[in-house]
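Q: Could you take a close look at one part of this structure for me, the C-terminal helical region, and tell me how its helices pack and how that region relates to the ligand? I'd be glad of a connected walk-through rather than a list.

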Amino acid sequence: MSEKTWGAAPYWGLGYDWDPDWVLTAEQQELRAKLIDLCESTLRANAKTSDDGLVYPRENLELLGSELGLLALTVPEEHGGLGQDHVCFAMVCETIARYGCASTAMCYVMHMGAVNAIMLRPTPELIDRYIRPLNEGKLGTLSYSDPETGSHFWYPISSGAERLPDGGFKVHKKASWTTSAGFADFYVVQTTSPDFSGYDDLSVFVVDAEDAEAKPATWDAMGLRGNQSGPLEVPSAELGADRIVGPVGDGAASNDESVDPWFLIGSSSVWNGLAMGAIDIAKRQTTRKRHADVGLRVADYPTIQDYVGEAIMDTNASRLFTLSVAQAMDEATDDNTKTLAVGEFARATFLHWSWQIKFIAAKNTAHVVDKMLHACGGTGYKRGDMELERYLRDAKAGWVMGPTNEVLRQFVGKAALLGFDALDYWNQTYNRRSVENEIKKLDAEGKRKLAEQLLAEAAAAETAAA
Ligand SMILES: Cc1cc2nc3c(=O)[nH]c(=O)nc-3n(C[C@H](O)[C@H](O)[C@H](O)COP(=O)(O)OP(=O)(O)OC[C@H]3O[C@@H](n4cnc5c(N)ncnc54)[C@H](O)[C@@H]3O)c2cc1C
């Protein structure tokens with residue numbers, strides 16, 4: 001690979017020697033070089049504008065489509081896309097976050113999440129309406145998190161759908177967070193199914209911007225300030241039968257096979273990109289700053305070299321972990337070309353690996369940006385041209401974005417110790433051990449009262465079901 005450049009000059013951060021390029025094809029490396037150029041010419045300058053003024057990075061996102069075709073990166077070529085794979089998606093998300101703008105990168109992850117949710121169950125109508133126009137600047141996003149269930153974004157209590165006589169659906173949805181809320185052209189939403197039988201019975205719909213209400217003016221956050229990840233409401237949208245994605249009840253499969261895998265690869269790559277970007281900034285600063293008294297640059301101190309060395313090794317471990325899971329998904333889907341029938345799974349086999357890459361990437365980025373701040377000293381702490389404090393604030397979103405790192409380590413530890421069924425996403429499995437332990441604490445009178453209450457509840461349920 002030739003030298004990494006920044007406009008007409010050599011890149012001031014780490015060169016390609018420190019990028020695991022053996023995972024990329026020559027075509028993907030070329031795409032990355034063009035993307036770095038776009039970051040240099042426009043995306044990075046806009047990152048400051050977005051951060052300073054909470055400005056949605058629409059121009060950046062549109063340029064990704066018009067200049068490089070990236071708004072349809074993973075869409076097959078016959079539908080106007082680049083036909084790229086999971087590894088390429090990871091590279092693109094990482095590159096935008098590292099050299100360009102983290103808010104743009106996260107809006108892009110959500111956009112591609114929405115696109116890939118549709119492409120899991122493509123129909124001619126959905127392709128014509130949402131997929132073909134993508135590179136003209138048509139933007140989508142995922143609207144899942146529910147105000148009543150917080151981090152448990154797979155549990156949409158404040159939503160619903162009913163059948164209409166013409167075969168269509170009437171959909172309502174409340175989302176507590178939606179990246180690009182009020183700016184996207186379409187929203188992929190998950191609701192409980194019509195005639196739903198329990199919270200694992202979910203369906204996926206595409207809702208146009210005119211049917212959704214957002215309040216962009218209320219968005220303000222520590223980092224990712226261009227994201228506009230505020231609340232969204234779909235009060236009551238009447239949708240044609242062609243606006244459901246997959247069959248009724250396909251929501252859980254859509255999560256496991258598309259939404260979660262693509263989101264977790266994309267977001268992990270954003271966190272990895274931010275960590276690399278912070279190391280780049282630290283290199284720029286510490287190799288340029290000189291202490292006149294001892295005649296040394298900051299980068300000449302072994303302490304600083306240790307900081308940077310450890311940060312590179314930890315971040316490259318995280319990058320290679322993410323890329324390895326992306327490669328596994330590429331292999332399982334014949335490089336993202338396989339059409340999966342309803343009930344057939346490929347990416348979902350690696351879901352528990354996707355949880356791990358997100359946990360590691362989010363944990364690593366928070367640590368690395370902090371250490372790079374230490375390496376740059378007080379100068380790194382200042383707002384302005386250094387940009388390190390923006391990387392630090394943006395990276396902080398990694399841990400708290402769903403699935404949060406608390407939830408992920410629970411998932412992994414619980415599934416490893418007790419089996420996957422113990423995860424009980426939709427709170428449906430009776431935990432006899434806990435119940436019996438609590439009942440032991442009751443005296444005879446307490447037990448009698450509880451028994452009476454349960455008998456009354458059972459009778460009421462039977463009457464309601466009759
Ligand atoms: C910048 C940003 C962008 C976002 N964009 C989107 C988007 O585009 N679409 C979307 O659908 N959502 C989005 N989200 C929402 C995100 O997915 C989470 O739902 C949200 O961050 C959870 O926040 P909360 O305040 O509701 O957390 P709470 O649920 O109140 O969590 C509080 C604490 O409890 C912990 N906790 C919660 N449940 C458990 C558990 N079961 N076990 C252990 N600990 C637990 C949490 O980890 C956290 O530490 C975004 C979030 C952020 C920060």
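A: Happy to: here is a walk through the helix contacts of that region, then the ligand shell, and finally a brief look at the N-terminal part.

Please keep in mind that this is a predicted model. A good place to start is the record: an unreviewed UniProt entry annotates residues 273–416 as "domain: Acyl-CoA dehydrogenase/oxidase C-terminal". Over that span the chain is 70% helix and 3% strand, and its end C-alpha atoms are 29 Å apart.

Let's begin with α7 and α8. Helix α7 covers residues 302–332 and helix α8 covers residues 351–376; their axes come within 9 Å and cross at roughly 160 degrees. The two helices are therefore roughly antiparallel to each other, since an angle over 145 degrees counts as such. Their crossing is left-handed. On the α7 side the contact includes Ile304, Tyr307, Val308, Ala311 and Phe321, while α8 brings residues including Trp353, Ile357, Ile360, Ala361 and Val368. Polar and charged side chains take part too: among the residues of this contact are Asp314, Thr315 and Ser318 from α7, and Asn364, Lys371 and His374 from α8. By class, the contact of α7 with α8 divides into 13 nonpolar, 6 polar and 2 charged residues.

Helix α8 also packs against α12. Here the axes again come within 9 Å, with a crossing of roughly 140 degrees. That angle makes α8 and α12 oblique to each other. The crossing of α8 and α12 is left-handed. For this contact α8 uses His352, Trp355, Gln356, Lys358, Phe359, Ala362 and Lys363, which meet Asn405, Leu408, Arg409, Phe411, Val412 and Ala415 of α12. The residues of this contact comprise 7 nonpolar, 3 polar and 3 charged.

A further pair involves α6 and α10. Helix α6 spans residues 251–288 and helix α10 spans residues 388–395; they pack at about 160 degrees, with their axes 10 Å apart. That angle makes α6 roughly antiparallel to α10. This crossing, too, is left-handed. Trp271, Leu274, Gly277, Ala278 and Ile281 in α6 are in contact with Leu388, Tyr391, Asp394 and Ala395 in α10. The contact of α6 with α10 holds 7 nonpolar, 1 polar and 1 charged residues.

Now to the ligand. Of the 24 residues around the ligand, Gly150, Thr179, Gly402, Thr404 and Glu406 come nearest. The elements giving two or more residues to this shell are β3 (140–143), α11 (397–400) and α12 (405–418). Helix α12 thus appears both in this shell and in the contact with α8. The shell has 11 nonpolar, 12 polar and 1 charged residues.

The loop between α11 and α12 deserves a pause, as Pro403 sits there. A cis peptide bond, with omega about -10 degrees, joins Gly402 and Pro403. Most peptide bonds are trans. Gly402 is also one of the residues that come nearest to the ligand.

For context, the N-terminal part has its own annotation: UniProt places "domain: Acyl-CoA dehydrogenase/oxidase N-terminal", from an unreviewed entry, at residues 25–137. That stretch is 72% helix and 0% strand, and its end C-alpha atoms lie 27 Å apart. One backbone detail there is worth a glance: Leu54 lies in the loop between α1 (26–53) and α2 (58–68). Its phi is near 55 degrees, a positive value in a residue other than glycine.

Note on methods: Residues are numbered from 1 along each chain as its sequence is written. This is a predicted model: local features need pLDDT of at least 70, side-chain atom pairs count only at pLDDT 80 or more; totals for chains, interfaces and linings use all residues. A residue is near a molecule or strand if its C-beta atom, placed from the backbone, lies within 6 Å of it. Helices (H or I, at least four residues) and strands (E, at least two) are DSSP runs, numbered from the N terminus. Ala, Val, Leu, Ile, Met, Phe, Trp, Tyr, Cys and Pro count as nonpolar, Asp, Glu, Lys and Arg as charged, and the others, Gly among them, as polar. UniProt positions are given in the numbering used here, feature names are shortened, and annotations may be inferred rather than shown by experiment. Axes are lines fitted to C-alpha atoms, for helices over the stretch in contact, and angles run from 0 to 180 degrees between N-to-C directions. Angles under 35 degrees count as roughly parallel, over 145 as roughly antiparallel, 65 to 115 as roughly perpendicular and the rest as oblique. A crossing is left-handed if the near helix is turned anticlockwise from the far one by less than a right angle, and right-handed if clockwise. Two residues are in contact if their C-beta atoms, placed from the backbone, lie within 7 Å.
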